[in-house]
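I opened the notebook to record what I looked up, place by place, and how each term was meant.

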Amino acid sequence: MQMILNELSARFPVESTEKGRQLMDQFLTTCFEVKDIIHNDSILLDQDYRSFELAPNYRIEQWRNDSAVDVENKRRFRTLLNKSVVYLSEEFEREQEWDFRTEFQHKEYVSKGCLLAYESDGVAVSFLSSEHWKIPEIEGIYTELVEDGELRESQVKIPNVSFDENVRIFRNWYDHKKEEYRYTDIVCGQDILSCAEDMFPNLVFCENAIHGCRRNVGISEAGQVYRRLLELQRAAEAMGEKFDKNILTNATLESGVTLDRFAEEHTFLLPEGETQLFSWHIRYTGGYAGRIFFHPVPGKKIIYIGHVGHKLPTVRYH
């Protein structure tokens, strides 16, 4: 699971230097409490927070040199920045292949941070800049452009953390989800493979995907990879005469140009000894931008898993 900053809560400068100190203390404490729950200390930020005005005439650079600020908080902030990625950037959109053709609206505000939290099964982290952000869940309208060109709207919600009370609520939610998904002991790719026969009977893992699980899936990725595979298992069970991508969260068909140019990189050996070009993938996050490439066979109600790991080359990324 991934922490994503809710940029709607980042309202700076705050009214006073003391308020700025308190806000930073609360935010850093929250982030590190969540880190201990999800075992992932990386965070997606809306901007580079190495330089901004925290309060009137009091920049974050001054906060970092302020003797009134606890040394541990300064260390935490430095660690957080080192583990961060800016999501409102061309580099992020290119690397992660997030084209933002979907939208998340909370009240009258559109939020890309909340959108990323929803689409990646992440958790929103908010600055406690107002009482409003004490809410344990952020509700919003998720809008997506479907294949027929129509806009589809759904009422959705994501977990939100900002202070000790909703951190406790999130911990209970997370423990419940782990129990629901039955991945309490899933902390690496090998754990996923060990339970695959029982949990994913309709998924057939190619040798490349098996190697990818063992090599590329660590503690930061294991939970989300497991959930994505569980989605694919449910999609395989539900398949009729054709594959319906709407069963899945953000299943993407690779472009014809990419498949023509990088056919070899997208072709994997099936267990039966034949090769297959894999054109569908779903995303996951963690320490890197991950992809699971799959090939559905509706008539047999099975889905082949060809690749688990880093992105494959595309015309946009190679």
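I took helices (H or I, at least four residues) and strands (E, at least two) as DSSP runs, numbered from the N terminus. I kept in mind that this is a predicted model, in which local features need pLDDT of at least 70 and side-chain atom pairs count only at pLDDT 80 or more, while totals for chains, interfaces and linings use all residues. Residues are numbered from 1 along each chain as its sequence is written, and side-chain values use heavy atoms, with hydrogens and water left out.

Entry 1, backbone. I looked up Asn-57 and found it in the loop between β3 (53-55) and β4 (58-59), where it has a positive phi of about 60° although it is not a glycine. I then went to Pro-13, in the loop between β1 (3-5) and α1, and noted that a cis peptide bond with omega of about 0° joins Phe-12 to Pro-13. For background I wrote down that most residues other than glycine have a negative phi, and that most peptide bonds are trans.

Entry 2, Ser-84. I placed Ser-84 in strand β5 (residues 84-86). A polar atom of its side chain lies 2.7 Å from the backbone oxygen of Leu-81. Leaving aside residues up to four places away in sequence, I found Ser-84 touching Ile-43 and Leu-45, contact meaning heavy atoms within 4.5 Å.

Entry 3, aromatic rings. I noted 14 aromatic pairs in the structure; rings of Phe, Tyr and Trp (its six-membered ring) pair if their centres lie within 6.5 Å, and planes under 30 degrees apart count as stacked, over 60 as edge-to-face and the rest as tilted. Phe-27 and Phe-127 have ring centres 4.0 Å apart and planes at 20°, so I entered this pair as stacked. The pair links distant parts of the chain, since Phe-27 is in helix α1 (residues 17-38) and Phe-127 is in the loop between β8 (123-125) and β9 (137-145), 100 residues apart.

Entry 4, α1 with α3. How do these two helices pack? I read an angle of about 60° between α1 and helix α3 (residues 71-82), with their axes 10 Å apart; axes are lines fitted to C-alpha atoms, for helices over the stretch in contact, and angles run from 0 to 180 degrees between N-to-C directions. That makes α1 oblique to α3, given that angles under 35 degrees count as roughly parallel, over 145 as roughly antiparallel, 65 to 115 as roughly perpendicular and the rest as oblique. Among the α1 residues that meet α3 I listed Phe-27, Leu-28 and Phe-32, and on the α3 side I listed residues including Arg-76 and Phe-77. By class, the contact of α1 with α3 has 7 nonpolar, 3 polar and 2 charged residues; Ala, Val, Leu, Ile, Met, Phe, Trp, Tyr, Cys and Pro count as nonpolar, Asp, Glu, Lys and Arg as charged, and the others, Gly among them, as polar.

Entry 5, α7 and its partners. Helix α7 (residues 189-199) packs against helix α9 (residues 222-238) at an angle of about 20°, with their axes 12 Å apart, and α7 and α9 are therefore roughly parallel to each other. Ile-192, Cys-195 and Met-199 are the α7 residues that meet α9, where their partners include Tyr-226 and Leu-229. I counted this contact of α7 with α9 as 8 nonpolar, 1 polar and no charged residues. With helix α8 (residues 207-216), α7 packs at about 140°, with their axes 6 Å apart, and α7 and α8 are therefore oblique to each other. This contact is made by Gly-189, Gln-190 and Leu-193 of α7 and Ile-210, Cys-213 and Arg-214 of α8.

How values were computed: Polar contact = N/O pair within 3.5 Å; in protein donor to acceptor, adjacent residues only side chain to side chain.
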